[in-house]
Amino acid sequence: MASEAVTPRADRRLHRARQATLLSLATGVWTSVLLPAVGLTRDADPRRVALGAIGILAFAATQTAVLYAAVTPWLDQRWRRRAQLSLAAVAVLTVPLVGPVAAGAWQTWAWLGASLIGMAPLLVRHAGALAVTAATLLVSAGVAWWTGGSVGRYLAVSGGIGVGVAAVNWFQVWFWDLLVEARQGQAAQARLAAAEERLRFARDVHDVLGHSLTVIALKAELAARLAPVDPERAGREATEVQRLAVSALAEVRETVHGYRAVDLGEQLAAVAGVLRSCGLRCTVLPPPADLPQSVATELAVVLREAGTNVLRHSRADWCRIHIHREGEVARMTVTNDGVDDRGPDEHSHGLRGLADRLAAVGGELRVRREDAVFILEAIVPVAS
């Protein structure tokens, strides 16, 4: 079954797929209630009817619990095991409760047997499913012999209908598991992209500081050795160490604040690719070619944060990214749907950091919500 690492409750598309799967599986529950219930209408003994109704309803309740657990990956494994054991116990109890109902007139218990065989692939692996099927057919034949019914008809209902239901149920849950695994892969891809970005930044910092710190260490060592014998030269070396340290600090600040060359087009393509890989319809309008490098750098930082917010803090189906220039101002607009009732407060710290950064260069960050649509606007002045 699906991994518990995925929570479809936080993913609108996966949530809808789970609801559709549950609805489809629920038809099997109604079958296990309605078709055996036909036997209740054909039995004149009130006591048998009452006991049969109790057995059928108990079987339907435990069957519902097992089917729910099959498409609920975040469910505790102990709860899942209890549901399966409860179904097994109730299935055994239905033999004396439901077996005698409409004996010889309707294959009442055989329909429960068909439902049990139909759920076998959801409970155990292939070998176990075959064992459950064989045991159920044996019990169905035994009930038919005990109640005076047709063994052939009981086996046809339990075996023929049961195998068909098993195939349908297996396909539904297999398809559901496939969807969950696909979403897991998309989430892993997003995490991998973030990890690669951190590694890239670490390599940049190493490249910036590695050479400078090596030279600083050598010159500081030289100055220490020269101090007792040649104070004047030692002073020059110390001055050079200071100059190198100031230069290295400036380079680190440039790296941290993203002042190195950034290809905004490549950043747009990367963010759009990650969003699309996670199932969003992403529309991107290419940026103007005349944006200065400093402006492109600021917009790229906002773009990365905005893309992260779309993935982490919304249940978006679509996202639109538009960058254009209006005179002496560059404007980037990121719009997405799927905003929940809590709005953007849960990630406001990141937005406040972006607002402070843009304010430092005379820009502005604007965010607003229109129903379930979230709109982020970054405005950066273009130096004349």
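How many residues lie between strand 4 and strand 5 in the hairpin that they form? There are 2 residues between these strands, and Asp371 in the turn has a positive phi of about 60°. The structure is a predicted model. This briefing covers a pair of helices, a sheet of 5 strands, and Arg368, a residue in strand 4.

**Helix 3 and helix 4**

- Helix 3 spans residues 77-98 and helix 4 spans residues 108-123; their axes come within 11 Å and cross at roughly 165°.
- Angles over 145 degrees count as roughly antiparallel, and helix 3 and helix 4 are therefore roughly antiparallel to each other.
- The crossing of the two helices is left-handed.
- On the helix 3 side, the contact is made by Gln84, Leu87, Ala91, Thr94, Val95 and Val98. These residues meet Thr108, Trp109, Leu112, Leu116, Met119 and Leu123 of helix 4.
- Sorted by class, this contact of helix 3 with helix 4 has 9 nonpolar and 3 polar residues, and no charged ones.

**The sheet**

- The sheet is open, its 5 strands follow the order 1-2-3-5-4, and the pairing is mixed.
- Strand 1 (281-285) and strand 4 (364-370) are at the edges with a single partner strand each, so one side of each has no neighbour in the sheet.
- On average, neighbouring strands of this sheet are turned by 10° against each other, direction ignored.
- Helix 9 (residues 293-312) packs on the sheet and touches strand 2 (318-326), strand 3 (329-336), strand 4 and strand 5. The direction of helix 9 makes about 165° with that of strand 5.

**Strand 4 and strand 5**

- Strand 5 covers residues 373-381 and pairs with strand 4 in the antiparallel sense, over 7 bridges.
- Val367 has Leu376 in strand 5 as its bridge partner.
- In a regular strand, side chains alternate between the two faces of the sheet.

**Arg368**

- Arg368 has a relative accessibility of 37%. Partly exposed residues fall between the cut-offs of 20% and 50%, so Arg368 counts as partly exposed.
- Apart from neighbours within four places in sequence, Arg368 is in contact with Val373, Phe374, Ile375 and Glu377.
- From C-alpha to C-alpha, Arg368 and Thr335 are 9.8 Å apart in space, while 33 residues apart in sequence.

Terms used:
Residues are numbered from 1 along each chain as its sequence is written. This is a predicted model: local features need pLDDT of at least 70, side-chain atom pairs count only at pLDDT 80 or more; totals for chains, interfaces and linings use all residues. Side-chain values use heavy atoms; hydrogens and water are left out. Axes are lines fitted to C-alpha atoms, for helices over the stretch in contact, and angles run from 0 to 180 degrees between N-to-C directions. Helices (H or I, at least four residues) and strands (E, at least two) are DSSP runs, numbered from the N terminus. Angles under 35 degrees count as roughly parallel, over 145 as roughly antiparallel, 65 to 115 as roughly perpendicular and the rest as oblique. A crossing is left-handed if the near helix is turned anticlockwise from the far one by less than a right angle, and right-handed if clockwise. Contact means heavy atoms within 4.5 Å. Ala, Val, Leu, Ile, Met, Phe, Trp, Tyr, Cys and Pro count as nonpolar, Asp, Glu, Lys and Arg as charged, and the others, Gly among them, as polar. Two strands pair if DSSP finds at least two bridges between them. Buried means under 20% relative accessible area, exposed over 50%, partly exposed in between (1.4 Å probe, protein chains only).
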